[in-house]
Amino acid sequence: MSRRGGDRCLELERVIASRFRSGSLGLDAAANLFDELLPHARHASVRAFNLLLTAAASRAQGRGSSSTARHRLHVQPDGPCLPHQGISRPTNLHHHDRQLLVNTPVINRLLNGPCDAKRVGDAMDVLLRRMPEFGCKPDVLSYSMILKGFCNEKRVEEALDLLHMMADDGGGGSCPPDVVAYNTVITGFFREGQADKAYGLFLEMLDQGVLPTVVTYTTVIDGLCKARAVDRLRVSFRR
């Protein structure tokens, strides 16, 4: 890195830190600073990148920001991770001939924003397309945020498809659904008044060897009672 480039890098890092502390780092500004810093980035720039990622996630509602900025930061999560965060197994990413560090927990920050903003389609794009490009594998948290996002948007059938995709991929040792994932979709079906599908998914969970929790049983019992299908509880407890 030339001295001029190094000076520019330090200047940008100071601007990012200052605006982050003051709370004035909006999504458009974060996107612009992200693009400007990347060509000059050094290994010590990881803190500045994480501040930009954090700002992008917290501002994901998109108020006062352009759709272009949201696309650039949500669909292109090139940010590295901070060593002191205790995040293990970072992946090396070569971008503009510079080696940065990116891993699943860093990208998970970006998934939360669009899911909360009811733009789960953006999150799915990151999960299915961008994460594999960066050599990152989704973890249970990645999937759980999107499952919840689908259910919050009343798209429970799509949540079920994603759950089954997790189960299919799980055979390869990647990320089989856990009880929290099942609970999320079961709850979504009950909220939509689809007690039959919720109960069927509960039985499927048992068949998969996933042990129910108190939350699971409470959800199923409450849902079946409201659906006036209490007789099914006998079958559940016998299993």
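Select R228 to begin: at 78% relative accessibility, this residue counts as exposed. You are looking at a predicted model, so treat the tour as a walk through a prediction. R228 sits in the loop between α11 and α12 (232-238). Check its backbone while you are there: phi of R228 is near 55 degrees, a positive value in a residue other than glycine. That is worth a pause because most residues other than glycine have a negative phi.

**Step back to the whole chain**

Now zoom out and colour by secondary structure. You should find 12 helices and 2 strands. Following the sequence, the order runs α-α-α-α-β-β-α-α-α-α-α-α-α-α. The chain has 239 residues, and buried ones make up 46% of them. If you turn on contacts and keep those between residues at least 6 apart in sequence, 65% of them join residues at least 24 apart.

**A pair of helices: α6 and α7**

Next, select residues 120-133, which form helix α6, together with residues 140-152, which form helix α7. How do their axes cross? They come within 9 Å and cross at roughly 150 degrees. That angle is over 145 degrees, so α6 counts as roughly antiparallel to α7. The crossing of these two helices is left-handed.

Show side chains to see who meets whom. On the α6 side, pick V120, A123, M124, L127 and M131. Facing them from α7 are S142, Y143, I146, G149 and F150.

**Just past α7: K154**

Slide along to K154, in the loop between α7 and α8 (156-170). Buried or exposed? K154 is exposed, with a relative accessible area of 63%. Its phi is near 60 degrees, another positive value in a residue other than glycine.

**The annotated repeats**

For a view based on a record, highlight residues 103-138, 139-173 and 178-212, which UniProt lists, in an unreviewed entry, as "repeat: PPR". Keep 178-212 selected. Over that stretch the chain is 74% helix and 0% strand. Put a distance label between its end C-alpha atoms and you get 10 Å.

**The ring cluster**

Stay in that area and select Y199, F202 and Y217, which ring pairs link into a cluster. How many aromatic pairs does the structure hold? There are 2.

Take Y199 and F202 to begin with. Their ring centres are 6.3 Å apart and their planes are at 40 degrees, so this pair is tilted. Both residues belong to helix α10 (residues 195-207), and because they are 3 residues apart there, about one helical turn separates them. Y199 and F202 are both buried.

Then add Y217. The rings of F202 and Y217 have their centres 6.0 Å apart and their planes at 70 degrees, so the pair is edge-to-face. This one links distant parts of the chain: F202 is in helix α10, while Y217 is in helix α11 (residues 214-226), 15 residues apart.

Finally, switch on the surface and compare the two partners. F202 has 0% relative accessibility, so it counts as buried. Y217, at 28%, counts as partly exposed.

How values were computed: Residues numbered from 1 in each chain as written. Predicted model: local features only at pLDDT ≥ 70, side-chain atom pairs only at ≥ 80, totals over all residues. Heavy atoms only, no water. UniProt positions renumbered as here; feature names shortened; annotations may be inferred. Helix = DSSP H or I, 4+ residues; strand = E, 2+ residues; numbered from the N terminus. Phe/Tyr/Trp six-rings, centres within 6.5 Å; stacked < 30°, edge-to-face > 60°. Buried < 20%, exposed > 50% of the residue type's maximum accessible area, 1.4 Å probe, protein only. Axes fitted to C-alpha atoms, helices over the stretch in contact; angles between N-to-C directions. Parallel < 35°, antiparallel > 145°, perpendicular 65-115°, else oblique. Left-handed = near helix turned anticlockwise from the far one by under 90°. Contact = heavy atoms within 4.5 Å.
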